[in-house]
Amino acid sequence: MIASLSINERQVGLMLTIGVAILGLIMLGAAKEGPMAVHGAMALALGIVLAFSLVGSLFDPDAPGGRAARYYDEPTRFGLMLTLIWGVVAMSVGVWVAALLYWPEATPLWPATSFGRLRPVHTTGVIFGFGGNALIATSLHVLQRTSRARLADSVSPWFVLIGYNLFCAWAVTGYLMGSTQSKEYAEAEWYADIWLVVVWVAYLVLYLRTLARRNEPHIYVANWYYLAFILVVAMLHIVNNIALPVSFAGARSFPVWSGVQDAMVQWWYGHNAVAFFLTAGFLGMLYYFLPVRAERPIWSYRLSIVSFWGIVFFYVWVGSHHLHYTALPYWVQTLGMTFSVMLLVPSWASAGNAIATLNGAWHKVRDDATLRFMFVAAVFYGLSTFEGSFLAIRPVNSLSHYTDWTVGHVHSGTLGWVAMIIFGAIYTLVPQLSGRTTMAWPKAIEWHFWLSIAGTLIYVVSMWNAGITQGLMWRTYDANGGLAYSFLESVMAMAPYYLLRTIGGALFLTGTVLCALNVRATMLATPVGAGASDRPLLTQPAE
Amino acid sequence: MTADQRHGAEIDPATGYETTGHDWNGIRELNTPFPRIVIWALALTFLYSMIAWILLPAWPIGRDFTRGVLGLDQRQIAMQGYAALERGRDDWMAPFAAGNLDALAADPALMARAMPAAQRLFADNCAACHGTHGTGGPGFPDLTDANWLWGGSPDTIAETLRVGINSGHPDTRVSQMPAFGRDGMLSREAVQAVTDYVLALPGSAADAQSAGAQVFAENCVACHGENGNGGLGTGAPSLVGARWIYGGDRAKVLATIHGGRQGVMPSWAGRLSAAEINLLAVYVARLGANNQHAEAP
């Protein structure tokens, strides 16, 4: 990766890495012990290692000339590798915590391995590590191709990727040490949150600068989605994480929000993390890779524009549906419920637009597992958005809330939609980035596809059963007006579903491991020189 | 590729629609007419929302909000729901609020209706410590045997539940097994000797002339009774039934006598209603009375 940087850029990079090392040193020195000190040491070590490799390369040959005539794909390659590493690690943790719910006696005795600490390692690892890296890596690719321009500069993509992964690593190691803000999907402590803001601003600037250099008159809809993802996630992250540190030399803080306002801000954040992280960004991915792979035009231009604005407008209202029947005022719940129902229309319009795009390419869906991944992703997107709007209706929610139905719903979205579209994108991109026409092991894609489908269906169906069973057991009264079941009985009734869920998760994980190995083999295989014409339009002067 | 070609619209053979003429590195879009069904769906969901906004509390206005023509209030609805459920139970629950518990326990028709609910109440509140069947576990007494710390009549149990044992309630029952060894009240040898004596109590093989018996008579009978039978109302258990709370092997008994014990049973007043406490008291009393391990104290 360093070889692709000019000497000048290496010098800038060196300053940045020294900056990270100094930041780590300050954190270490100020905190002396506890999670913040460990995190300082991590930053220090990262800064030193990177600085040394950059110093060593200062006198190596300069970057090859004519760079402006080529896309900058090294960061995308690097981001995809990180995607798969996080995917394998975080999904393994997921399977492990799923197994612990079936078999709690297996919990090891160390605090760091308790269920409560491992669960956010799984959620942060898959959402931010696996999903986030996939979004950043693919966005840089899509941005360049649809703008027909090289990235605006060569240092900031590395800063964004490495900085973002430092955030993820701080977050999950913090949980293991018991450091958490106790806000779901926003557990990382204040200094990690500030660091993420810095990284995110660099990402936004890189995106906008590259877009400004585009050689296409229009901005493709995928970029609208990626931009919505970057902008709104920044806003959500900042507002939800405003907190007062107990001391600047320690990892503990208190949020400025309290009571029901805190709950509302948290779920406004939480649901829009689903909306703008797990939906908008991935719709950007879908809108690029699906037509590219199917070699079909997007079915309806107008529909893609209208659903974009529909999704952006409706989603920001619906967070309160996570707080039905709570201290949150009834009127806020009504708004959350009604906007959730209206949200279904643009959601289904996007799913329908994607599926209709495959008209004229159904034979490819049949034959090409990569395209099939994307087709299934669009179907699951439609299914889970329908389910989401349905669960947001108050009387339905009174049955589903606090049950495993919610967990099933989330996984129909994350396994069926988010992960499948990532796999589709990876199998399209990796051969291209490796100068090849196919993956190293094309048959393994087929295996991966069926493992993913089986895993997702087993997982989701068992959680539907689990959730509905729980919800009904909690609200059934006997002839004498007493509760028909104790809570304990409802827990014991979960055993078969929890076992099935673990099996489903393990199947899905197996597929992911297969994908990671396949990607590794493809990246290491000798290029056959494919994709030589994949170039920016050279209207700008060469550097 | 010239600008003309790139921006020229063409007909897509598979669908028959025109493309928009935009081209992003090969990606094109069809100029499909906006699908009617989307407009209908939007209208329909908006209509649903309008109806909901008219009927239910919905939009903020200054410091107030639109109340909705149904005038619903979720707190009121919840309270009404609870009240209705309670009314449904009243015919068999009401007697427990202030009745004579022994008389209630003797009414088989009432028991048939009340005991299933009591069992669930027990599973939801008590099973975590006392076990699903009330048989206890290390540190938590078995409620199904005849070995009572404070007593097994429904009224005594109700009182135990109300105030708890070593709990935060002002009237809590207080009990303590002193730490004879750690606090230096007995020598190491005396602790060993009395441990042997206590271990032999259940089999009535205890040697009344032994050194341990001497120590026991001097230090333990005040709480555990002359023969170690308990039942003095001090919260000290009988030691003759071999039904140990903290375990009956030598190491555990030695640990009890050396380091003392003070179990905590939470107070349930305020968490459960008086009727629920009485219902549970009858239930627990029957656990003890109906069980197979019952032995005379």
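Below is a chat about a predicted model with chains A and B.

Reader: Before we start, how are things numbered, and what counts in a predicted model?
Author: Residues run from 1 along each chain as its sequence is written, while chains are lettered from A and ligands numbered from 1 in the order in which they are written. As the model is predicted, local features need pLDDT of at least 70, side-chain atom pairs count only at pLDDT 80 or more, and totals for chains, interfaces and linings use all residues; side-chain values use heavy atoms, with hydrogens and water left out.

Reader: Cool. Where does UniProt place the "binding site"?
Author: The unreviewed UniProt entry puts it at B:Met177, B:Cys220, B:Cys223 and B:His224. They span 48 residues in sequence, yet no two of their C-alpha atoms are more than 9.9 Å apart, so they gather at one spot. UniProt positions use the numbering used here, feature names are shortened, and annotations may be inferred rather than shown by experiment.

Reader: Is B:Met177 buried or exposed?
Author: B:Met177 counts as buried, at 19% relative accessibility. Buried means under 20% relative accessible area, exposed means over 50%, and partly exposed is in between (1.4 Å probe, protein chains only).

Reader: And what is B:Met177 in contact with?
Author: Leaving aside neighbours within four places in sequence, B:Met177 is in contact with B:His224, B:Thr256, B:Ile257, B:Gly260 and B:Arg261. Contact means heavy atoms within 4.5 Å.

Reader: What about B:Cys220, where is that?
Author: B:Cys220 is in the loop between α9 (211-219) and α10 (221-224) of chain B. Helices (H or I, at least four residues) and strands (E, at least two) are DSSP runs, numbered from the N terminus. B:Cys220 is buried at 11% relative accessibility, and B:Cys220 touches B:Val194, B:Val215 and B:Gly225, not counting residues up to four places away in sequence.

Reader: New topic: how many aromatic pairs are there?
Author: A search of the whole structure finds 49 over all chains. In one of them, the rings of A:Phe386 and A:Phe390 have their centres 6.1 Å apart and their planes at 5°, so that pair is stacked. For the cut-offs, rings of Phe, Tyr and Trp (its six-membered ring) pair if their centres lie within 6.5 Å; planes under 30 degrees apart are stacked, over 60 edge-to-face and the rest tilted.

Reader: Which helix holds A:Phe386 and A:Phe390?
Author: Both lie in helix α12 (residues 369-391) of chain A, 4 residues apart, about one turn of the helix. A:Phe386 is partly exposed at 40% relative accessibility, and A:Phe390 is partly exposed at 35%.

Reader: What kind of pair do A:Phe449 and A:Trp450 form?
Author: That pair is edge-to-face, with 4.9 Å centre to centre and 85° between the planes. A:Phe449 is buried, at 3% relative accessibility.

Reader: Last bit: how many residues does the contact take from chain A and chain B?
Author: It takes 57 residues from chain A and 50 residues from chain B. The two chains bury about 4,400 Å² between them, 65% of it on carbon and sulfur atoms. Buried area is the accessible area (1.4 Å probe) that two parts lose on being put together, summed over both.

Reader: How many salt bridges between the chains?
Author: The count between chain A and chain B is 2. B:Arg120 forms a salt bridge with A:Asp478, where the closest N and O atoms are 2.8 Å apart. A salt bridge needs a side-chain nitrogen of Lys or Arg within 4 Å of a carboxyl oxygen of Asp or Glu.
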